[in-house]
There are 2 protein chains.
Amino acid sequence: MSKKYVYLFHEGSKEMREILGGKGANLAEMTRVGLPVPPGFTISTTACNDYYSNGKTLTESMITQVNQALDSLEKLTGKRLGDMDNPLLVSVRSGSVISMPGMMDTVLNLGLNDDTVKGLVELTQNPRFAYDSYRRFIQMFSDVVLGIEHYLFEQEIDHLKEKKGFSEDIELSADDWKKIVEKYKKIVLNKTKQPFPQDPKLQLEMAIRAVFDSWNNQRAIVYRKINKIPDHLGTAVNIQMMVFGNMGEDSGTGVAFTRNPSTGEASLYGEYLMNAQGEDVVAGIRTPKPINNLKEINPEVFKQFVEIAKQLEQHYKDMQDIEFTIEKGKLYLLQTRTGKRTAQAAVKIAVDLVHEGIIDKETAILRVDPEQLEQLLHRQIDTSATTKVIAKGLPASPGAATGKIVFDADKAEQQNLAGEQVILVRPETTPEDIHGINAAQGILTTRGGMTSHAAVVARGMGKACITGCESLKIDLKKEEIWINGEFTLKAGDVISIDGSTGKVMLGEVLLIDPELSDEFKELLTWADQIKKIEVRANADNPDDAKRSREFGAKGIGLCRTEHMFMDSKRIPIVQKMILAEDIEERREALAKLLPMQQSDFRGILKEMAGLPVTIRLLDPPLHEFLPNIEELLVDITRGMYEDKQENDLSEKEKLLRKVRNLSEFNPMLGHRGCRLGITFPEIYAMQAEAIFNATVELKRENIEVEPEIMIPLVGHVNELKLMKELIIRVADKVKAETNTNFDFTIGTMIEVPRAALTADEIAEHADFFSFGTNDLTQTTFGFSRDDAEGKFLQYYLDHKVLSDNPFVTLDQNGVGQLVKIGTKLGRNTKPDLKIGICGEHGGEKRSIEFVYKTGLNYVSCSPYRVPLARLAAAQATIKNNS
Amino acid sequence: MSKKYVYLFHEGSKEMREILGGKGANLAEMTRVGLPVPPGFTISTTACNDYYSNGKTLTESMITQVNQALDSLEKLTGKRLGDMDNPLLVSVRSGSVISMPGMMDTVLNLGLNDDTVKGLVELTQNPRFAYDSYRRFIQMFSDVVLGIEHYLFEQEIDHLKEKKGFSEDIELSADDWKKIVEKYKKIVLNKTKQPFPQDPKLQLEMAIRAVFDSWNNQRAIVYRKINKIPDHLGTAVNIQMMVFGNMGEDSGTGVAFTRNPSTGEASLYGEYLMNAQGEDVVAGIRTPKPINNLKEINPEVFKQFVEIAKQLEQHYKDMQDIEFTIEKGKLYLLQTRTGKRTAQAAVKIAVDLVHEGIIDKETAILRVDPEQLEQLLHRQIDTSATTKVIAKGLPASPGAATGKIVFDADKAEQQNLAGEQVILVRPETTPEDIHGINAAQGILTTRGGMTSHAAVVARGMGKACITGCESLKIDLKKEEIWINGEFTLKAGDVISIDGSTGKVMLGEVLLIDPELSDEFKELLTWADQIKKIEVRANADNPDDAKRSREFGAKGIGLCRTEHMFMDSKRIPIVQKMILAEDIEERREALAKLLPMQQSDFRGILKEMAGLPVTIRLLDPPLHEFLPNIEELLVDITRGMYEDKQENDLSEKEKLLRKVRNLSEFNPMLGHRGCRLGITFPEIYAMQAEAIFNATVELKRENIEVEPEIMIPLVGHVNELKLMKELIIRVADKVKAETNTNFDFTIGTMIEVPRAALTADEIAEHADFFSFGTNDLTQTTFGFSRDDAEGKFLQYYLDHKVLSDNPFVTLDQNGVGQLVKIGTKLGRNTKPDLKIGICGEHGGEKRSIEFVYKTGLNYVSCSPYRVPLARLAAAQATIKNNS
């Protein structure tokens, strides 16, 4: 015999999800354990795929097997399809391996025709119900199978109601419905040039084909794309005896979760409607009642349902989402599946199930999606409130914020001091805007990507930020924003931004504060016990360090020193340092920066007492600290017309020349990282001295600190060697001057391909490696993130040129190769070399799993992602140890 | 016994160069074959290295061995060091493994003191000679060994001459020299607080130490750095019996080459002076006479010298540079070494020696340095003429040019049409300057690196170009150039530029046309017979293609299509294409470009009939074809003050917005290469159609063509897959429309690390790979070449952070790893995959050798480097097959 395509419910089980789809497998499982499920059978996903590979044809074998299953079903129910006396009516529903709710098609009441409807009248003694069911069937079949638009049918009902002066469907009589059936059949004849199919077997065949076809309807394709569901899975088709919740007041239908899907609370949560079919609940015509009310209406059925719900949860070991129908006082289960839930509920349910002895800790850990946790860690928009989205940019820094629009940093500061909440809106930001960013609730820029200045600073500060919101046009002079020529917003208008989605909203939205529930903390404690990879945080100031520690970071993996340079009080000194004509002038400026940096480092090291702190020496190109060329140019050109002081102008021109001299064609690949340290050793020497002075100070206060100095952008061993020599010289000097000994280590970031390829040479001089996978991704792909995300990356993702954004999920095939090569070569030289990763991938679950499998020691991510990374690290450990 | 440090001349041979240094090995060799060499011995380079590792000490063992060798020398000559009656006088000379002419120290006449000088008087009966020799010794010894400045001694001679009213040294008598000796000794006593050392053995020891020390004097260190000579080689010391060319009119000294070192002509070339010491020839006080004159003065000695010269050339199988002295009619040889020569001479001598049966073809090929050949392939500056260098920039495109300064492209074109030669001087160039670059003799820019627009275009056109000449300040408004505040140059002033050295010169310089001599052609024919790797050219137009073919290219390895877009007539259409509001508008512009591209391809394919032509589809980011943002900004700002038409201004603002929209933070890593082809498939489709149309046209004319279509910047296999599908669709369309079949292949550039790392996947869809090592070097190092070369790369090279410029010589450790990985993975998938390299490394000898060893099929380089690459390819083959 050929392939098996069709399975009766009692032939399947929940393990057969791949073949039967989620719904089919669960119907089979419930049947298997003896729950009251209307009988039926499932046509497999294999059939769907074969249907497509046979040019959308149901093969002979499929039809034969369906007919055999139908025979069995008829024997089981004692009803027959098309039998006038005792007609079998069935539902035909899709059911894919991964749930795609509402995406594919369903036909109910199949089997009705001009004859069987009469049988139904006889059987139920309810002609109104029978004709209403028939017209529903025609309407649904026409829509789903024949492709006739829904409104054509709806307007017939409206006409009739109008004619009769009715306002509700319920007022229509059996005869009215009978008339409507006739009208419906005419519509079908008119539209398809064929009468409405009266042969139930033909109806069934057509419905099966329609469900298979719906696998590739537009909304299903889009849904799969968004949810990354592979196209090749296919859908199963479930054919099941109809039961009716609309057979009178002793009938009904409902949906319930075994626990609260919003809060996780361990109590039944759901609603039902008496004398109704499932679609009525969905349509929202009548308001359903809370599930607990059922206790009073039908205590027997309610008790049965509560027990079944409990049984199902025990059986599936997870919270279930159950559909049921009561037909003339008898309870039927139509579906059970694992219920969707909020992050908060996910955490609580997983932890509660452990306490209830239903699952173990490992299972609980695997139950919670780390990505989902991010919602819990930032101020968030109350999604229950309605919002008017006016534009969408890049989600640059998660969290939400509401405030008045301000267009410059000074005003942001002033208004903030005056107690107002503001959103700083700029084409892009520069170091001179830092005080404004600090003062604002959130930042919105029309240019720049996910690594733009605004984005990096905002993430560092944990502030909501949207960048690259190109549909907004800012007129700084008029202090206005234009949106698609539709709105104009002015300074002072209130907007809200959601940095997790990139949405800009008009007016104020409700925000909810983040909180780490007790269950969340407990779950993370279990994660820490299990995980075999350390989690550190990227933090640049004492506040962030403190937060990191609270969130469970076991050290700082990346402390960027440039943000300390960007403080508004320091930037003039930094600029003096950069524009210095000679080394003396530069040393003078550096001497002023030294005590400032020293106090920064002191603060951070103190917060992290007892834990390692990896401090990266200055990394960005120096022109990032200087004024913008274009603004200077415009100022100068203006000045020539406005008769400015000759002096002012020539000063500006001088400045322009210098800024131009420092400007670069491709700053990402330019004079930055250790290239600065090598050409201007005095800068790195100052930073090292500040670190060591702070170390000595704290040591004298008996505070244990572990500074790890990290040299950025090393591509050749000689770069590291030179910088290491420099730092050791500074350390020796500080030790001698203070007569104090201290420990420290020196390592490097591996962030250009050459470093990974020559990691054996580099390891000779490194105490640790930290993969900077942001830059490594940029250089390995040859993508500038700022440019790619605004220009072509979305296109690549939409068209599946790339399956994932490599800046979000580590590209294991390409960039990952370099991580593996670098790790292998580094450990060839030093078997115990400590290796971590500090790119943004350090907080992403799939990347964390890769990093764990590659044998690295730790990941480092932004403070707010630390809990998420702890969980993901535990998951990686569990998955790869079983 | 301990290590052997000292070798008598007859103990050595020319094979012992590593130990004896070049001079010592050759003196030994000449002694061994019975030539008249004054006897002596050599202290080895090993001794030098041990001297340094012993804290600059001559070990006991060294001193013992020197004394033993001295004994032998004394026995051999019958003279004794310090013997009043028959004193042995010696020279002490350095001699390193690789010649470092004039870099280290020499002491002559050692052994003279207050006693032995009297013996010399007796022996020679020439007191004037004896005291002159003594004072020369003191002077040289004091300079070299005691570190007393030379002028102190010179001024004593001047004083005496003045006092006596003499003008020439020759007028001074024996007594005068005797007095000067006394004065000299006082200077030494005064300066060193020690009398001049009278013990000849002490003199010798001090001189040996001085020679060892001179290995690390400043000029030797710098010379080694420039010439890449390893520091660890050390120098040998040669101690040799003095012979005197200044013993009267029957004595003399001279230098001769066995062939003309400038032209390669096979005749003795040199000069001599009678009654003189070597230093007199060098000092240029008297004018030496041509060597052939010696035939009349002393036919006997001349005949002997001619025979010896011939014998040495036969013995060494190469042109020799010989130093000789005649002492009282007897010929002595003091040195022979392989003579330095011009590129022209190198080629002629190598080929002539093959014809003379002295060397074989392989040896001839190995004799010529490919790098040196570049001189022969571009118009060059007559180095015999004196020039005033006023600035130095980056040598961006070799060749030399002279012309009047013009500051804009239109004027360049006008003046060129009027028959004038011009140099286009710009801060940088843009596509809109192309007609000016085309019209100019050479291009000089103050900004930009070796891959700047100006540099790339100029190299493509084979025009001289200097970029990044930052010491020039251009005032475009005043049409002036400021140089260090010293000169001002105006439009119309004549300058010359040397694109091979980066030198900018005032006024006109004499230029010499390149020519391929018959010998050069013959040598290259031999190279072609031997080499096992193909040489192609990078050429973008029919002229370059023709030149490449003349220079022996076996195909085009890189035809860049963007230069075709930059033609001044096309750029408006290209801009229209880029700024199109919708796909229709874009298609309209593309339709206009299609016939233009088609005729470009037709011309190139026709020139290369029968050979493969690799055409790379559009690569640069689109904003490269648009006006400059800064200029637009200034125009707009000006416009606001100058009351320009409202319309004009808003047009400009619109343009600015669009240009800004397309502008990028890191264009090198931005929206370019196949990323353009994927997001704007219509552009690549047009290009493919143009190629196929041209192919069909030529095919119909019975011209065989081999188009190879290359997709740039592929990083993920899906990119290539998509573009391949597109091109095949276009090909099928053209085949159907023209009813003509044709062959073509589709391949990709491997120029981002990810492509190399996933080459196995990519090879599934590629007919060939071409490593674009320019971009691959940029991404592997994380260096933007434009920025690196202007900002930190020179520092890296000067401070030996990097030993070579990776943009000139392929970085085998890093980038080369990726070339190896890419080749291995690609051939794993397709064992016969054709693989080449088309970066600038394709024309550099060390890179070519690496490429050959890695197993690639071809290199491709600029047309002018094709001969050089052919030779280097043959050398690589010979070196790695023996």
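Let us start with Thr773(A) and its surroundings in this predicted model. Leaving aside neighbours within four places in sequence, Thr773(A) is in contact with Leu810(A), Val819(A), Ile837(A), Gly839(A) and His841(A). The residue belongs to helix H31 of chain A. Is Thr773(A) buried or exposed? Its relative accessible area is 0%, so Thr773(A) counts as buried.

The preceding position in the numbering deserves a word as well. Gly772(A) sits in the loop between strand E29 (768–771) and helix H31 (773–781) of chain A. With a relative accessible area of 3%, Gly772(A) is buried. Once neighbours within four places in sequence are set aside, Gly772(A) touches Met749(A), Ile750(A), Glu751(A) and Cys838(A).

Both residues carry an annotation from a record. UniProt, in an unreviewed entry, lists Gly772(A) and Thr773(A) under "binding site", together with Arg560(A), Arg616(A), Glu751(A), Asn774(A) and Asp775(A). One of the listed residues, Glu751(A), has just appeared among the contacts of Gly772(A).

Two other listed residues lead us to the charged groups. Arg616(A) and Asp775(A) take part in a network of salt bridges that also links Glu562(A), Asp619(A) and Arg672(A). In general terms, side chains of opposite charge can pair when their charged atoms come close. A search over all chains of the structure finds 107 salt bridges.

Allow me to present two further examples within chain A. In the first example, Arg32(A) forms a salt bridge with Glu29(A), and the closest N and O atoms are 2.9 Å apart. How many residues apart are Arg32(A) and Glu29(A) in helix H1? They are 3 residues apart in this helix, which spans residues 17–32 of chain A, and therefore about one helical turn separates them. The accessibility of each partner should be stated too: Arg32(A) is partly exposed at 48%, whereas Glu29(A) is buried, at 1%.

In the second example, Glu550(A) pairs with Lys546(A) in a salt bridge whose closest N and O atoms are 3.8 Å apart. Both residues lie in helix H20 (residues 542–550) of chain A, 4 residues apart, or about one turn of the helix. Glu550(A) has a relative accessible area of 55% and is therefore exposed. Lys546(A), at 43%, counts as partly exposed.

I now turn to salt bridges that cross from one chain to the other. Arg754(A) and Asp811(B) meet through their side chains in a salt bridge, at 2.7 Å from N to O. Why does this pair join two chains? Arg754(A) lies in helix H29 (residues 753–757) of chain A, while Asp811(B) lies in the loop between helix H33 (793–798) and helix H34 (815–829) of chain B, so the pair links the two chains. Arg754(A) and Asp811(B) are both buried. There is also a salt bridge between the side chains of Arg754(B) and Asp811(A), again with an N to O distance of 2.7 Å. The count of salt bridges between chain B and chain A is 2.

How many residue pairs are in polar contact between chain B and chain A? The count is 32, with both residues of each pair at pLDDT 80 or more. On the side of chain B that touches chain A, helix H24 (residues 629–641) gives the most, with 8 residues. By class, that side of chain B has 25 nonpolar, 18 polar and 17 charged residues. The contact as a whole takes 60 residues from chain B and 60 residues from chain A. Between them, the two chains bury about 5700 Å², of which 58% is on carbon and sulfur atoms.

Next comes a point of backbone geometry. Leu713(A) is not a glycine, yet it has a positive phi of about 65°. Leu713(A) is placed in the loop between strand E27 (706–711) and helix H28 (717–738) of chain A, and at 3% relative accessibility it is buried. In chain B, Leu713(B) likewise has a positive phi, near 60°. Leu713(B) is found in the loop between strand E27 (706–711) and helix H28 (717–738) of chain B, and it counts as buried at 2% relative accessibility.

Finally, I return to the record. The unreviewed UniProt entry places the feature "domain: Pyruvate phosphate dikinase AMP/ATP-binding" at residues 60–290 and 297–352 of chain A. Over residues 297–352, the chain is 52% helix and 30% strand, and the end C-alpha atoms are 31 Å apart.

Note on methods: Residues are numbered from 1 along each chain as its sequence is written. Chains are lettered from A and ligands numbered from 1 in the order in which they are written. This is a predicted model: local features need pLDDT of at least 70, side-chain atom pairs count only at pLDDT 80 or more; totals for chains, interfaces and linings use all residues. Side-chain values use heavy atoms; hydrogens and water are left out. Contact means heavy atoms within 4.5 Å. Buried area is the accessible area (1.4 Å probe) that two parts lose on being put together, summed over both. A salt bridge is a side-chain nitrogen of Lys or Arg within 4 Å of a carboxyl oxygen of Asp or Glu. A polar contact is a pair of N or O atoms within 3.5 Å; within protein, one must be able to donate a hydrogen and the other to accept it, and residues adjacent in sequence count only if both atoms are side-chain atoms. Ala, Val, Leu, Ile, Met, Phe, Trp, Tyr, Cys and Pro count as nonpolar, Asp, Glu, Lys and Arg as charged, and the others, Gly among them, as polar. UniProt positions are given in the numbering used here, feature names are shortened, and annotations may be inferred rather than shown by experiment. Buried means under 20% relative accessible area, exposed over 50%, partly exposed in between (1.4 Å probe, protein chains only).
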